[in-house]
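The following exercises concern a single protein model and are to be worked with the sequence and coordinates at hand. Each task is followed by a stepwise solution.

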Amino acid sequence: MRYVPKLVVTDIDGVWTDGGMYYDESGNEWKKFHTYDSAGVLFLKKLNIPLVICTGETTNAVKRRSEKLKVDYLFQGISDKKKVISELCVQLGINLEEVAYIGDDLNDIEMLKASGYSACPASAPHYIKELVDVVLTQKGGEGVFREFVELLIGQEELNSILHSL
């Protein structure tokens with residue numbers, strides 16, 4: 001099924017990362033991002049579909065990744081994702097039914113239920129998998145965001161974008 005959203009929203013930990021939190025002896029936190037996911041951002045930009053990162057954590061690593069990829073909206077430290085995304089939808093003149101959302105855990109449940117199309121990584125808990133429209137084949141941190149975007153836009157649109165590069 002092809003679903004063309006007016007807005008794509010993604011969680012970070014467990015989607016763009018494997019969900020692990022790594023700390024060194026100096027207290028620095030590390031996250032590993034898969035470069036495949038940056039192509040998902042590129043595909044959305046080619047189609048003029050805005051991207052939102054909405055995460056419960058607040059880290060410089062996510063801020064830096066967002067800036068590098070020129071993500072349209074970044075919301076960190078968010079406990080009520082549905083409220084924040086609903087407010088953004090009002091500003092953009094769209095509704096939650098026009099939003100595609102990918103998340104993997106408890107703080108994503110309300111958005112997974114409210115969005116027009118929802119997905120989770122293969123590594124999500126079973127109770128999250130039961131809520132979504134599609135369970136993707138990739139695990140968090142293994143390019144699952146790119147898989148999500150490719151599914152959304154469909155093979156024909158993907159081929160068109162690839163030929164324009």
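**Exercise 1. Characterise the salt bridge between K63 and E67.**

Solution. The model is a predicted one.
Step 1: Locate the partners. Both K63 and E67 belong to helix α2, where they stand four residues apart, about one turn of the helix.
Step 2: Apply the distance criterion. A side-chain nitrogen of Lys or Arg must lie within 4 Å of a carboxyl oxygen of Asp or Glu; for K63 and E67 the N to O distance is 3.7 Å.
Step 3: Assess the environment of the lysine. K63 has a relative accessible area of 40% and is therefore partly exposed.

**Exercise 2. Determine which parts of the chain are tied together by the salt bridges of D11 with K81 and of D13 with K31.**

Solution.
Step 1: Take the total. Under the distance criterion, the model has eight salt bridges.
Step 2: Examine D11 and K81, whose closest N and O atoms are 3.0 Å apart. D11 sits in the loop between β1 (7-10) and β2 (22-23), while K81 is in helix α3 (residues 81-92), so this pair links parts 70 residues apart in sequence. Both D11 and K81 are buried.
Step 3: Examine D13 and K31, where the closest N and O atoms are 2.7 Å apart. D13 is in the loop between β1 and β2 and K31 in the loop between β3 and α1, so parts 18 residues apart in sequence are tied together. D13 counts as buried because its relative accessibility is 13%, and K31 likewise counts as buried at 13%.
Step 4: Look for shared partners. D11, K81 and D108 are joined into one network by salt bridges.

**Exercise 3. Describe the lining of the largest pocket.**

Solution.
Step 1: State the volume, which is about 230 Å³.
Step 2: List the lining residues: E29, W30, K31, F33, N60, A61, R64, R65 and K68.
Step 3: Classify them. Five are charged, three are nonpolar and one is polar.
Step 4: Assign them to elements. β3 (29-30) and α2 each provide at least two lining residues, and α2 gives the most, with five.

**Exercise 4. Identify the elements that build the largest nonpolar core, and place W16 within its surroundings.**

Solution.
Step 1: Establish the extent. This core has 30 residues, and V8, W16, L51, F145 and F148 have the most contacts inside it.
Step 2: Name the contributors. Two or more residues each come from α1 (36-46), β4 (51-54), α2 (60-69), β6 (99-102), β7 (117-120) and α6 (144-164). The largest share, eight residues, is supplied by α6.
Step 3: Inspect W16. Beyond its neighbours within four places in sequence, its contacts include V41, L51, L69 and F145, as well as the charged residues D11, D37 and R65.

**Exercise 5. Find the loops that hold N48 and K70, and state the sign of phi for each residue.**

Solution.
Step 1: Recall the expectation. Most residues other than glycine have a negative phi.
Step 2: Consider N48. Its phi is near 55°, a positive value, and N48 lies in the loop between α1 and β4. With 69% relative accessibility, N48 counts as exposed.
Step 3: Consider K70. Its phi is also positive, about 55°, and K70 belongs to the loop between α2 and β5 (73-75). K70 counts as exposed, at 59% relative accessibility.

Key. Residues numbered from 1 in each chain as written. Predicted model: local features only at pLDDT ≥ 70, side-chain atom pairs only at ≥ 80, totals over all residues. Heavy atoms only, no water. Core = buried A, V, L, I, M, F, W, Y, C linked by side-chain atoms within 4.5 Å. Buried < 20%, exposed > 50% of the residue type's maximum accessible area, 1.4 Å probe, protein only. Contact = heavy atoms within 4.5 Å. 1 Å grid on protein atoms, 1.4 Å probe; cavity = no way out; pocket = protein on both sides within 12 Å on 5 of 7 lines; lining within 4 Å. Points joined across faces, edges and corners; volume = space filled by probe spheres on them.
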